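Please follow the interior of this protein chain with the structure open beside the text. The paragraphs below take up its packing, its enclosed space and one residue in a strand.

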Amino acid sequence: MSGMLAGAALAAQRTAGLPLGTALLTAGGVLGQPASAVQAARQVLEARPMAQTEQEDEESPPVFESPTSEELAAGQPEPTAAPEEPEEEETRPEGAGSVVQAHYGQGSGGVYLPCGAGSLKNCTDLPRETVATQMEGGLPFEVELNSAEPQVLIMHTHATETYRLNQGLWYPADSTGRSTDLTVNMAAVGAEMARVLNEAGVNTLQDTTLHDYPSYTGSYGRSNATVRRYLEEYPSIKIVLDVHRDAIERDGDRIAPVAQVGEEQVAQVMLICGCDNGGNLPDYPQNLRFAAVWEAAMEGAYPGLTRPVLFDYRYYNQDLTTGSLLIEVGGHGNTLEEALAAGRLAAKGLAAALGA
């Protein structure tokens, strides 16, 4: 790139705190060199690891539709309709959208591999046998129970994600599924998970930074910096959990993945484990082993709680520890109460997996 363009980009980066790719495009517009700026920005983005791009902000949260015919043939059961909860006296407002409850079962055969009573969906190019071998071996780290030093960090790249706050099977037309209120967004679910883990003797910290507010773009870059600060201050941390909720939609309806656990209806949860893609996750097998152990513990203790683990070419800052996973707790069609109950059970499953 030209020296003038580079200088202007660096100045924009320093004064406005812009990512280099964005700074190049800004400088190109000011200097009247848009073509050169686009070419330079593309080179920067292609050379940088996935963690430094905004790709994952565009992709996340993952949106999962009902299984395709190919997936059904490969062993993924079709989601079954859950019994509808009775409509409350609460009046459904005009223009409200519908919520449909569904249960996602475990898969078997084809792209699905067993994790105890649970399963894992292999969306990578890795052979089934390779993934099965990598899942073996148990936890790749050892957590010290009742330690004075933190062992687990719970955080939220998309903290403002929230749930259905009304009781009827509908959502308001103006519902964004987002809130900065820490009592109803992902911070509330993370707090419940942290409470359960701490009570079980697993020293757990929670960070409630709104990495996706006021700007959604760049959320993963900001949460990456947050996690690094915690790991520097507390090198004892073995596990980093990025707690989200899903956003499943079909023909305008919001889907609420639910399970019946005992007498309680709870949201279903799903672990996401990234696979190496060009060197960005060289230690991914350790995260995969962690996912396999946690999935088996949750589904074994609470049948129906989990959807199959998603193993795919995702990054989600999972290079920072060998115990880094993303967990989707329900979706924007679930109630907050269902999500809190699911977070509680997921944390109990994790505590059991850690020997607590």
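In this predicted model, Val-243 is a useful place to begin: leaving aside neighbours within four places in sequence, Val-243 is in contact with Ile-154, Met-155, His-156, Met-186, Val-189, Met-193, Ile-327 and Val-329. Val-243 also belongs to the largest nonpolar core, a set of 55 residues in which Val-243, Leu-120, Leu-241, Trp-294 and Val-329 have the most contacts. Helix 10, spanning residues 336-353, gives this core its largest share, nine residues. A second core, separate from that one, has eight residues, among them Val-227, Tyr-230, Leu-231 and Leu-320. In soluble globular proteins, nonpolar side chains tend to be buried together.

The packing can be set beside the empty space in the model. A search of the whole structure finds one cavity of 30 Å³ or more, and the volume of the largest cavity is about 80 Å³. Its lining consists of 13 residues, with Met-155, Val-240, Asp-242, Tyr-316 and Asn-317 lying nearest the centre. Helix 8 (219-233), strand 8 (239-246) and strand 14 (324-331) each give two or more residues to this lining, which by class comprises seven nonpolar, five polar and one charged residues.

Turning to strand 2 (residues 97-103), one finds Ser-98, which is partly exposed because its relative accessible area is 25%, a value that lies between the limits of 20% for buried and 50% for exposed. The C-alpha atoms of Ser-98 and Trp-170 are separated by 4.3 Å, although the two residues are 72 residues apart along the chain. Beyond its neighbours within four places in sequence, Ser-98 has contacts that include Leu-169, Tyr-171, Gly-252 and Asp-253, and its side chain makes a polar contact of 3.0 Å with the side chain of Arg-92.

Technical notes. Residues are numbered from 1 along each chain as its sequence is written. This is a predicted model: local features need pLDDT of at least 70, side-chain atom pairs count only at pLDDT 80 or more; totals for chains, interfaces and linings use all residues. Side-chain values use heavy atoms; hydrogens and water are left out. On a 1 Å grid over the protein atoms alone, a cavity is a set of points where a 1.4 Å probe fits but cannot get out, and a pocket is an open set with protein on both sides within 12 Å along at least five of seven lines; lining residues have an atom within 4 Å of a point. Grid points are joined across faces, edges and corners, and a volume is the space filled by probe spheres set on the points. Helices (H or I, at least four residues) and strands (E, at least two) are DSSP runs, numbered from the N terminus. Ala, Val, Leu, Ile, Met, Phe, Trp, Tyr, Cys and Pro count as nonpolar, Asp, Glu, Lys and Arg as charged, and the others, Gly among them, as polar. A nonpolar core is a set of buried Ala, Val, Leu, Ile, Met, Phe, Trp, Tyr and Cys residues joined through side-chain atoms within 4.5 Å. Buried means under 20% relative accessible area, exposed over 50%, partly exposed in between (1.4 Å probe, protein chains only). Contact means heavy atoms within 4.5 Å. A polar contact is a pair of N or O atoms within 3.5 Å; within protein, one must be able to donate a hydrogen and the other to accept it, and residues adjacent in sequence count only if both atoms are side-chain atoms.
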